[in-house]
Every structure is written in structure tokens, then in C-alpha cells.
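The exercises below are meant to be worked through with the sequence and the 3D view side by side. Try each task on your own before you read the solution that follows it.

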Amino acid sequence: MAKVAVLHTSFVFVNVEPVFNDLLAELLPGAEVIHFVDSDVLATVMREGGISEASAARMVHLAEAAEAAGADVIFSACSSLGPSMDIARNVVRTPIVKIDDAMALQAAQQGTEIGVLATVLTTLKPTSDLILAKAAEIDREVRIHQRLSEGAFDTLMSGDRARHDDMVSREAALLAKDVDLIVLAQASMSRLAGRLQDETGRPVLASPRLGVEYLAKRVHEVV
């Protein structure tokens, strides 16, 4: 039986959104899933406006703990801290899958004017940079348009899902005017993909399913 470690930087996917547990149960039935949470590091990154060396080290420590626990594959569920996993890959031997890897590649393949929509400011740059890197790998030129739904994440964490959803919807409508594809920069927005696609008339990509599908592929390769 495969053992998968999921690294979190918020309790949103423990207390509010069951999306990862549902997808793991569907796509990796029978796998043992263990969760590692540093519920303060995202707040630190948001407060500091970026990933400090100390914050990156905290994520590397989570990866090291996951490896020590015997994980076959490590899945990083936080977009904002994604760059720290590039450091972790040089420290641990266990394969690491970033939640946005598959989504960023698909966006680079399908879009030209790509909108990146976030509810946390510090997620915009890592997601945009990853899409640009994937585009460079496949020799495509794309342009990124960033938009923040300010305050929506705090609204979600307070338990007001409906207001969060409406806030994100308003920003998506504005972003859609300038782009041919929208990327939801955080897994906490993924429930809205269908709604936003219907409302904007643009393809909308969300990371959880794409990310866990790629995770399942890596698990089957490793185990």
C-alpha cells in the first residue's frame, strides 16, 4: 500500500474544504494518506510579502518529516510556498509533486493571454512564474494577467463560503475581459471552476484534480 504525505500551510483543507481527501480517496483508493501542517507559515509569508529563508526552511522540515515517516511520494498542497519545494527536492530523496505542476503545464499549452486569479497576494507570483517556466519548456510565448480578490481568503476562513464565492466571481468577470484562459491560483478556489467558466465564457483551470491526477501517476511509477 502506497503512503502519501500531504504538506499543508493552512487548516482550510482539514476544517473547511474536503477537496483533497475526496480526490485522494477517488484517485488513490487504498493509499495511506498522512498530513503535515504548519498553520502559521502561510501567514508569515503573507505578512512578510514573500518566502524568506526561514519560511522555506520550515517547509523543507515538513518534507523531511514526511520522508522520515516513510512517505513514498510527497504532495505539496500550497501554491504560495511552492518555490520552497524546489529547495526540498535537493534535501530529501522522496519524490515531490507540487499541486500546480500539472495545471501550469496545461495553462501554458492552451492559453496565450492567461489570467491568474488569487485570493492570497503571495500566490500570484509563484503561480505566474511556474506557468512562464512551463511555457518556456515547451517553447511557447504567453502573457500573464494577475488579479487579486482581496479579503476573500479571510472571508472563507471565517466560514462564509457564499460571500467568498461572490467576491471571487466579481474579480473573475473583470479578469475575463483581458484573457483567453483563467487559472485559479489556489486550491481553495477550485469549487468555483465550473461556475466561473459558465459566468465568464473562458476556460477555467483549477489545481486539485489535475494535481492529484499527476500525483497518482507518480505514485504508480514509484510504488
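**Exercise 1: A salt bridge between two elements**

Glu171 is buried, with a relative accessible area of 19%, where buried means under 20% relative accessible area, exposed over 50%, and partly exposed in between (1.4 Å probe, protein chains only). The model is a predicted one, in which local features need pLDDT of at least 70 and side-chain atom pairs count only at pLDDT 80 or more, while totals for chains, interfaces and linings use all residues. Residues are numbered from 1 along each chain as its sequence is written, and side-chain values use heavy atoms, with hydrogens and water left out.

Task: Which side chain meets that of Glu171 in a salt bridge, and which parts does the pair tie together?

Solution. Begin with the term: a salt bridge is a side-chain nitrogen of Lys or Arg within 4 Å of a carboxyl oxygen of Asp or Glu. The partner of Glu171 is Arg147, at 3D positions that bring N and O to 2.6 Å. Next, locate the two residues: Arg147 lies in strand 6 (residues 143-148) and Glu171 in helix 9 (residues 161-176), so the pair ties together parts that are 24 residues apart in sequence. Helices (H or I, at least four residues) and strands (E, at least two) are DSSP runs, numbered from the N terminus. Finally, compare the surroundings: Arg147 is partly exposed, with a relative accessible area of 29%, whereas Glu171 is buried.

**Exercise 2: A salt bridge within one helix**

Task: How far apart are the closest N and O atoms of Lys125 and Asp129, and where do the two residues lie?

Solution. The closest N and O atoms of this salt bridge are 2.6 Å apart. Both residues belong to helix 7, where they are four residues apart, about one turn of the helix. An α-helix has 3.6 residues a turn, so residues three or four places apart point the same way. As for accessibility, Lys125 counts as exposed at 55%, while Asp129 is partly exposed at 35%.

Helix 7 itself covers residues 121-137, which makes 17 residues, and it reaches 26 Å from its first C-alpha to its last, close to the expected 24 Å; the expected span is 1.5 Å times one less than the number of residues. Among the buried residues of helix 7 are Leu124, Leu130 and Ile131. Just after the helix, Asp139 takes a positive phi of about 60°.

**Exercise 3: The sheet of strands 6, 5, 7 and 8**

Task: Which strands stand at the edges of the open sheet with the order 6-5-7-8, and which helix packs on this sheet?

Solution. The four strands of this sheet show parallel pairing, and two strands count as paired if DSSP finds at least two bridges between them. Strand 6 and strand 8 are the edge strands, each pairing on one side only. Further in, four bridges join strand 5 to strand 7, and Leu117 stands opposite Leu184 in strand 7. Helix 6 packs on the sheet, touching strand 5, strand 7 and strand 8, and its direction makes about 170° with that of strand 7. Such angles run from 0 to 180 degrees between N-to-C directions, with axes that are lines fitted to C-alpha atoms, for helices over the stretch in contact.

Now look at helix 6 (residues 101-110), in which Asp101, Met103, Ala104, Ala107 and Ala108 are buried. The elements that its buried residues pack against include helix 7 and helix 11 (207-222).

**Exercise 4: The largest nonpolar core**

Task: Which element gives the largest share of the largest nonpolar core?

Solution. A nonpolar core is a set of buried Ala, Val, Leu, Ile, Met, Phe, Trp, Tyr and Cys residues joined through side-chain atoms within 4.5 Å. The largest one has 22 residues, and those touching the most other members include Phe36, Met59 and Leu81. Its largest share, five residues, comes from helix 4. To follow one member, take Leu81: leaving aside its neighbours within four places in sequence, its contacts (heavy atoms within 4.5 Å) include Val41, Leu42, Val45 and Met59.
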